[in-house]
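User: Please take a close look at one part of this model: the places where its helices pack. Add whatever helps to place the side chains around them.

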Amino acid sequence: MKPPLTITLLLLARLAADGAEDFSSFEAKVRPALKKHCYECHSAETGKAKGGLTLDTKHGTLTGGDTGPAVTPGDPSKSLLLTAIKHGDPDLEMPPKKPKLPEAVIADIERWIKAGAPDPRVSVAKAADRPPIDLEAGRQFWSYKKPVMPKLAAQGIGGFIEAKLKENKLTPAPAAEPVVLLRRLHFDLTGLPPTPQQVKDFTLEKLEATVDALLASREFGARWGRHWLDVARYAESNGRESNLAFPQAWRFRDYVIDAVNADIPFDRFITEQVAGDLLPAKDDAERARLWIATGFLAFGAKGLNEQNKAQFAADVADEQLDAVTRAVMASSIACARCHDHKTDPFSMEDYYALAGIFKSTRTFYGNWVDSENNNHSQLIRLPELPGQVIPNKSVPEARVKQLKADLLKMDQEEKERKEFYEKAKREGRDISGDYYKMLTQAIGNYWKRGGINGELERVDEKGRALPLCMGVKDAERIADSQLYDRGELAHPVKAVPRGFPRLIESKTKIPQGQSGRLELAQWLTSRDNPLTARVMANRVWHHLLGAGIVRTVDTFGFGGERPSHPELLDYLALRFMDGGWSVKKLIKEIVMTKTYRQSSAHRSDAFDKDPDNRLLAHANKRRLDAEVIRDSMLAISGLLDASRRPGSLVAELDGQSLSLIGFNNKLPADLDGSHRRSVYLPVIRDQMPDVLEQFDVANPNLVTGDRDVTNVPLQALYLLNGPFVQEQAAALAQRITKEKPTQQERIRRAFAICFNRAPDPKEQQLAEKFFQTTSADDPKLLTAFCQSLLSSAEFRIAD
């Protein structure tokens, strides 16, 4: 008799035959290295192509930049990428101004090049001969024209799809089986699988009622709120060189989930995040909600150890400008900081007109000065409301008094040091022997003062914790920004009045004494802006169909891909606006179509003509997102706690530094000690929960509308050895044992819970053979069997 593990692996192999062996080295080692070290300056994702080089597509990597091809497959000696990372040429050292990459990483990339540089990434298709970089030519580019309702509008979404298929002599796929459609709807709209009872009750006659119920469920907000948190680069720590906690970031997370569930019109949703502090509020609860919404601008990664205050302010404004324009317009206007945009019609004047708006904004992110931070910031104090969650800790009143006394003592010491120095200077005495002692004491007090101020800002006079949030307000000093030659603050050229990119004409004027953020929000959400509705409609389509009409969902400029169905995108954008900017209405219209309801079965005729399925002759097979995989395991095991987590684990930590978080015993090693939905897990930059990290969670440093989807060995190892997966398997085994008395029934029940189907004869035979041992009643056997189902490819695929 074979050992249980061997049989389990055989069963797993039958259920999880995914192999992508040709690209395993690239996916496991090369892509992560490029993403970590290179994409920041060389990718469509960030909108930067320094030296004309992009490394986030196969085409860009092979074509190279101004100096030639980055990679020559099979020949490391001719591959400039390898030369650069080896620091073999002083003019090509990459990453610039940073240490050389680890030797192991360099060796991995060299081996990959020697092997022929196999690369599965799809190249971005270019559809124009030259970029429309002058203003008038830019206004003729497809994405910068206002959408127009097409002639096919009367036929709805299906008319556009069928017309393209007919043009290419293809026909639509048949409808998916009802159970497949139901699973697709549940995963897409709530991020959770349907129960066996829901499958039993479902009929196509109940389709619309089912869609309405899923859209109305609170789980919809958890699923679609997470999509926006990806775009908003939501995080609970700063990352970079100073990974300090943002203990109040969770309030924005909850704001987004609530706003999505309430179907707040998207134009209002954007306005609240860009300028909520400038909107009128009917009561304290509304005022608090609007302040929290502006957290969108506050939790970007910052160079907290920057000593130059003007440089720090310029970099914060740049990050905010970049986040807003990418998230809302899918445009990389921040590329015009140092020079006019190389491919899109955005000038340096456009950039600095926007930069003045954000430089006239004060950002509240709540980190105090210490050894990792030179840039103190407070938080916004919220109105006190009934039932309000305040996770930060209260302290005894005596502690408040002591902290204030410590500040007075440090003030006195500082005064005495100054007097001592001035007296010695007058008397001509040599104080070099006391200098370093005084300097050390001064630096120590400086850092200590930061911690004391940080603690005092979180409590009132009696030590009671205050309700606080991250966000922004207009700065006390409102001013236009200078235009800086090559983006360098030492070389100002001229002041640029605050305003908006000239590409999209606007008569809106920014009032004196105001930052202009409210007017910016109005400009972004105007019907005259050709991008905002198109970009969001495309994001929705991407999440429901598996690929956007424009596949580069975060890049609508010349560097992005052209739309597969431009008239359909115009139709969706106009329907979106005409429907009151309702995301739920747009989703419902799409999921009710025959296009969405098609089978995803492979078709040779369609594959031969359209291997990427851009024409949608059938539905796309899609791997579930990291959060959906985790939440589905919790749901089928019976351990899921669907309630909202009050606050966040990050808010309950002592201190603010997360650089040594592995030594903080309050957090489990993988940050995943919860049975709540994954959207409530801590989002710590550079240290995400294992189950999310392994399955391509969004990088919280970037605006991310389209996640990577990889298939690497570490995923299989995690599913086999991960404590979380083992816990869910054991709980599922216990659940099945309670529900069914015999092994045959338990096998069928396990398949029904995990896959919403019965096992086929071969699967039933394999499973029964697995249990035919002398220790068949050993609960570990059923747990191993359940783990094999959770680890299968079928469990991770929507249909």
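Analyst: The answer below takes the helix packing, then the cysteines, then one loop residue.

This is a predicted model, in which local features need pLDDT of at least 70, side-chain atom pairs count only at pLDDT 80 or more, and totals for chains, interfaces and linings use all residues. Residues are numbered from 1 along each chain as its sequence is written, and side-chain values use heavy atoms, without hydrogens or water.

Start with helix α27 (residues 723-739) and helix α30 (residues 779-790). Helices here are DSSP runs (H or I, at least four residues), and strands are E runs of at least two, both numbered from the N terminus. The axes of α27 and α30 lie 8 Å apart, at an angle of about 115°. Axes are lines fitted to C-alpha atoms, for helices over the stretch in contact; angles run from 0 to 180 degrees between N-to-C directions. The crossing of α27 over α30 is right-handed (the near helix is turned clockwise from the far one by less than a right angle; anticlockwise would be left-handed).

Contact means heavy atoms within 4.5 Å. From α27, Val725, Gln726, Gln728, Ala729, Ala730, Leu732, Ala733, Ile736 and Thr737 take part; α30 supplies Leu782, Thr783, Cys786, Gln787 and Leu790. By class, this contact has nine nonpolar, five polar and no charged residues. Ala, Val, Leu, Ile, Met, Phe, Trp, Tyr, Cys and Pro count as nonpolar; Asp, Glu, Lys and Arg as charged; the others, Gly among them, as polar.

Now the second pair. Helix α13 (residues 266-275) and helix α19 (residues 517-524) come within 9 Å, axis to axis, and cross at roughly 155°. So α13 is roughly antiparallel to α19 (over 145 degrees; under 35 is roughly parallel, 65 to 115 roughly perpendicular, the rest oblique). This crossing is right-handed. Ile270, Thr271, Val274 and Ala275 of α13 touch Arg517, Leu518, Leu520, Ala521 and Leu524 of α19. The contact of α13 with α19 holds seven nonpolar residues, one polar and one charged.

Next, the cysteines. The disulfide count is zero, a disulfide being a pair of cysteine sulfur atoms within 2.5 Å. Cys754 is in none; its nearest cysteine sulfur, that of Cys786, is 6.7 Å away. Cys754 is buried at 2% relative accessible area (buried is under 20%, exposed over 50%, partly exposed in between; 1.4 Å probe, protein chains only). Cys38 is buried too, at 11%.

Last, Trp368. Trp368 sits in the loop between β3 (361-364) and β4 (380-381). At 15% relative accessibility, Trp368 is buried. Beyond four places in sequence, its contacts include Asn373, His376, Arg458 and Gln656.
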